[in-house]
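Reader: Please walk me through one part of this model in detail, namely a single central piece and whatever surrounds it. I would like each term to come with its cut-offs, so that I can reproduce the analysis.

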Amino acid sequence: MTRTGSEAVRPEADVTPGTPSAATADRVARASRGHKQRQRVAVVIPAKDESRRIAATVRSARAIPYVDLVLVVDDGSEDNTQHVAREAGAVVVRHSHNRGKAAAMETGAAVVAMRDAPDRPPRHLLFIDGDLADTAVNTAPLVPPVLEGIADLTIALLPPQPGAGGRGLVVGAARRAIASMTGWTPTQPLSGMRCLTREAFEAATPLARGWGVEAGMTIDLLRLGFRVLEVPCELRHRPSGTDLKGQLHRAAQYRDVQLAVSTRRARAAASGVRRTLSPREQRPGR
């Protein structure tokens, strides 16, 4: 796997014998163009207690090119997030109690799949946060690289956020873990604004729990050979501050990221042991 800059790319497949004729290749190319023309994108917004911002986020997301479905997963909100989101034009599903971001993402993807037309390709998935408000439309640059087959997963690079109180400890830990396990060093490993193909999403499931979902997804997809690209996006969201609530949030992030990484290290070690003990690798008579 070759990786450069903010991009992680899997190598192209080798050309094999039996190359199709020019006429066949032309038909394949035309079909491919038609496939891209029919491709659509669903925005999935996991949200909890976002009634103040969710309407603006939904309206802004609906303006993203290629998006024909905006789905809000209300993850056990105690306010009227679901009603505000529905009035703003979103399809809304609700968890009766808070199950966490990963569960909300999996619920959203499952509902999108149920709404996909059988005669059209599965929608790509664009996950965004519920507090982006009017800047949600600025996640649009994440879509074209996935639509055009340049990347299987795109990740938003956000500008510095006013009021952010973190010191980069969690981000740094996630960055180092991803680099050590995949060879690729992301700039913003915890960015939650992501667009990916249905194939990539299904390959990444089950998702890591809690705040480890982004680091776990990145590691899993890179190790499976999917292509990942970071894309700058002008986004503004509500950052965690320096108060007790912000500190507790970052502590939970750190815990979940470490758990996601430890699980994947253990999985990789077990896979290595299985390969070592494979009968094909053993000497005769063992």
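Author: What follows begins with the model as a whole and then turns to one strand, its partners and its surroundings.

The model is a predicted one, in which local features need a pLDDT of at least 70 and side-chain atom pairs count only at pLDDT 80 or more, while totals for chains, interfaces and linings use all residues. Residues are numbered from 1 along each chain as its sequence is written, and side-chain values use heavy atoms, with hydrogens and water left out.

The average pLDDT of the protein (the predictor's confidence in each residue, from 0 to 100) is 84, and 76% of the residues score at least 70. Over residues 1-5 the pLDDT stays under 50, and the model has 14 contacts for them beyond four places in sequence, where a contact means heavy atoms within 4.5 Å. The pLDDT is also below 50 over residues 9-36, a stretch with 13 contacts in the model beyond near neighbours in sequence. Where pLDDT is low, the predicted coordinates should not be read in detail.

The protein has nine helices and nine strands, which are DSSP runs numbered from the N terminus (H or I with at least four residues for helices, E with at least two for strands). Of its 286 residues, 47% count as buried, a word that stands for under 20% relative accessible area, as against over 50% for exposed and in between for partly exposed (1.4 Å probe, protein chains only). Among contacts with a separation of 6 or more, 76% join residues 24 or more positions apart.

The strand chosen for the close look is β6, residues 124-127, which is covered on both faces. H124 and L126 lie on one side, L125 and F127 lie on the other, and all of these are buried. Pairing between strands, which requires that DSSP find at least two bridges between them, links β6 to β3 in the parallel sense over four bridges, with H124 of β6 as the bridge partner of V41. With strand β8, residues 194-196, β6 pairs in the antiparallel sense over three bridges, and there R194 is the bridge partner of F127.

Residues of both β6 and β8 reappear in the nonpolar interior. A nonpolar core here is a set of buried Ala, Val, Leu, Ile, Met, Phe, Trp, Tyr and Cys residues joined through side-chain atoms within 4.5 Å, and the largest one has 37 residues, with L125, L196, L207, M217 and L221 making the most contacts inside it. A second core, separate from that one, has 35 residues, including A85, L132, A156 and M193. In soluble globular proteins, nonpolar side chains tend to be buried together. Apart from neighbours within four places in sequence, L196 is in contact with H124, L125, F127, V146, D152, L153, F201, M217 and L221. Two of the names in that list, M217 and L221, are among the buried residues of α8, a helix spanning residues 213-223 that is mostly covered, with 10 of its 11 residues buried. Just after α8, G225 adopts a positive phi of about 95 degrees.

The approach to β6 also deserves attention. D116 sits in the loop between α4 (101-115) and β6, and D116 is buried because its relative accessible area is 15%. Its side chain makes a polar contact with the side chain of R123 at 2.8 Å; a polar contact is a pair of N or O atoms within 3.5 Å, where within protein one must be able to donate a hydrogen and the other to accept it, and residues adjacent in sequence count only if both atoms are side-chain atoms. Not counting residues up to four places away in sequence, D116 touches P122, R123 and R198.

On the other side of β6 in sequence, V137 lies in the loop between β6 and α5 (143-147), and V137 is partly exposed, with a relative accessible area of 26%. Beyond four places in sequence, V137 is in contact with S60, A63 and I64. S60 belongs to the buried residues of α2, and since seven of the eight residues of that helix (54-61) are buried, α2 is largely enclosed by the rest of the structure. The cover over the buried residues of α2 includes β3 (41-47), β4 (67-75) and α3 (81-87), and β3 is the strand already met as a parallel partner of β6.
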